[in-house]
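Thanks, everyone. I have one structure to go through today, and I will keep to what was computed from it. Please have a look at it first.

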Amino acid sequence: MSRIGTRPVMIPAGVKVTVEPTVVHVEGPKGRLSQEYRPEVEIAVRDGAVIVARKNDSKQSKAYHGLYRSLINNMITGVSQGFKRILVINGVGYRAEVQGNLLVLSLGYSTDFAAVIPEGIKVTVEGNGQRIVIEGIDRAKIGKFASEVRSLRLPEPYKGKGIRYEDEKIRRKVGKSGVK
């Protein structure tokens, strides 16, 4: 039995969940999200909670059970509270700025990078261009955009230069020792 899938997802005040034969819609104060789901699972709204049940005990059905429960939980959290991811830029001369719907990054290369900010995501730059705050209601979009920005200059282990998540710890290495 799925430990994640069996737990009901509580619906907070101000959030409305509607279930159609193949789509779940979640609407709240921050916006509206939709998610298609497979026929191997059944989704129902009862007593102020969303309940995900599987139709049989096949391996695929068990996998989708926990998956759709987590996706619905993320949708409900997104439309009620929102999600935030913070990136930290470390390096001499490295900085970021927002220009319209572009995030322009100067990362020590001969040219600057310009990343197009996806629709539904809000990006702000703080701390003299050293902190990038990515906010929105869709957790998957935020995580994907943050990983794309981070991949432009991965943090290196010797000086720690590059782009890292705020809660990420970089394992530092000792450089060359002058021993003969």
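Let me start with a single residue: Asp57 is exposed, since its relative accessibility is 58% and the cut-off for exposed is over 50%. I should say at once that this is a predicted model.

The side chain of Asp57 forms a salt bridge with Arg54, with 3.2 Å from N to O. Is Arg54, the partner, buried or exposed? Arg54 has a relative accessibility of 16%, so it counts as buried, the limit for that class being under 20%.

That pair belongs to a longer list, as the structure contains nine salt bridges. Side chains of opposite charge can pair when their charged atoms come close.

The next pair is Arg131 with Glu166, whose side chains meet at 2.5 Å, N to O. Arg131 sits in strand 12, residues 131–136, while Glu166 sits in the segment that follows strand 13 (162–165), so this salt bridge ties together parts 35 residues apart in sequence. On accessibility, Arg131 is partly exposed at 25%, and Glu166 is partly exposed at 39%.

A third pair is Lys144 with Glu148, again a salt bridge, at 2.5 Å from N to O. Both residues belong to helix 2, which covers residues 139–150, and they are four residues apart, about one turn of the helix. Glu148 counts as partly exposed, with 38% relative accessibility. There is also a network: Glu126, Arg131 and Glu166 are joined into one by salt bridges that share partners.

Staying with strand 12, I want to look at Val133, which has its place there. Val133 is buried, at 4% relative accessibility. What does Val133 contact, once neighbours within four places in sequence are left aside? The contacts are Lys84, Arg85, Ile86, Lys122, Val123, Thr124 and Glu126. Glu126 is also a member of the salt-bridge network I just mentioned. As for Leu87, its C-alpha is 6.5 Å from that of Val133, although the two residues are 46 apart in sequence.

Now the sheet. Three strands make up an open sheet in the order 1-6-5, with antiparallel pairing. Strand 1 (9–10) and strand 5 (41–46) are at the edges with a single partner strand each, so each has one side without a neighbour in the sheet. Strands of a sheet pair through backbone hydrogen bonds, either parallel or antiparallel. Between strand 5 and strand 6, which runs over residues 49–54, there are six bridges in the antiparallel sense. One position to look at is Arg46, which stands opposite Ala49 in strand 6. Helix 1, residues 59–80, packs on this sheet and touches strand 1, strand 5 and strand 6, and its direction makes about 165 degrees with that of strand 6.

Last, the whole chain. The protein has two helices and 13 strands. Its radius of gyration is 21 Å, well over the 16 Å from the globule rule for 180 residues, so the protein is more spread out than a compact globule. The C-alpha trace spans about 65 × 45 × 25 Å along the principal axes. Of the 180 residues, 36% count as buried. The accessible surface is about 11,200 Å², and carbon and sulfur atoms account for 50% of it. Among contacts with a separation of 6 or more, 50% come from residues 24 or more positions apart.

Terms used. Residues are numbered from 1 along each chain as its sequence is written. This is a predicted model: local features need pLDDT of at least 70, side-chain atom pairs count only at pLDDT 80 or more; totals for chains, interfaces and linings use all residues. Side-chain values use heavy atoms; hydrogens and water are left out. Two strands pair if DSSP finds at least two bridges between them. Contact means heavy atoms within 4.5 Å. Axes are lines fitted to C-alpha atoms, for helices over the stretch in contact, and angles run from 0 to 180 degrees between N-to-C directions. A salt bridge is a side-chain nitrogen of Lys or Arg within 4 Å of a carboxyl oxygen of Asp or Glu. Buried means under 20% relative accessible area, exposed over 50%, partly exposed in between (1.4 Å probe, protein chains only). The radius of gyration is taken over C-alpha atoms; the globule rule is 2.2 Å times the number of residues to the power 0.38. Accessible areas come from the Shrake-Rupley method with a 1.4 Å probe; for residues, only the protein chains shown count as cover.
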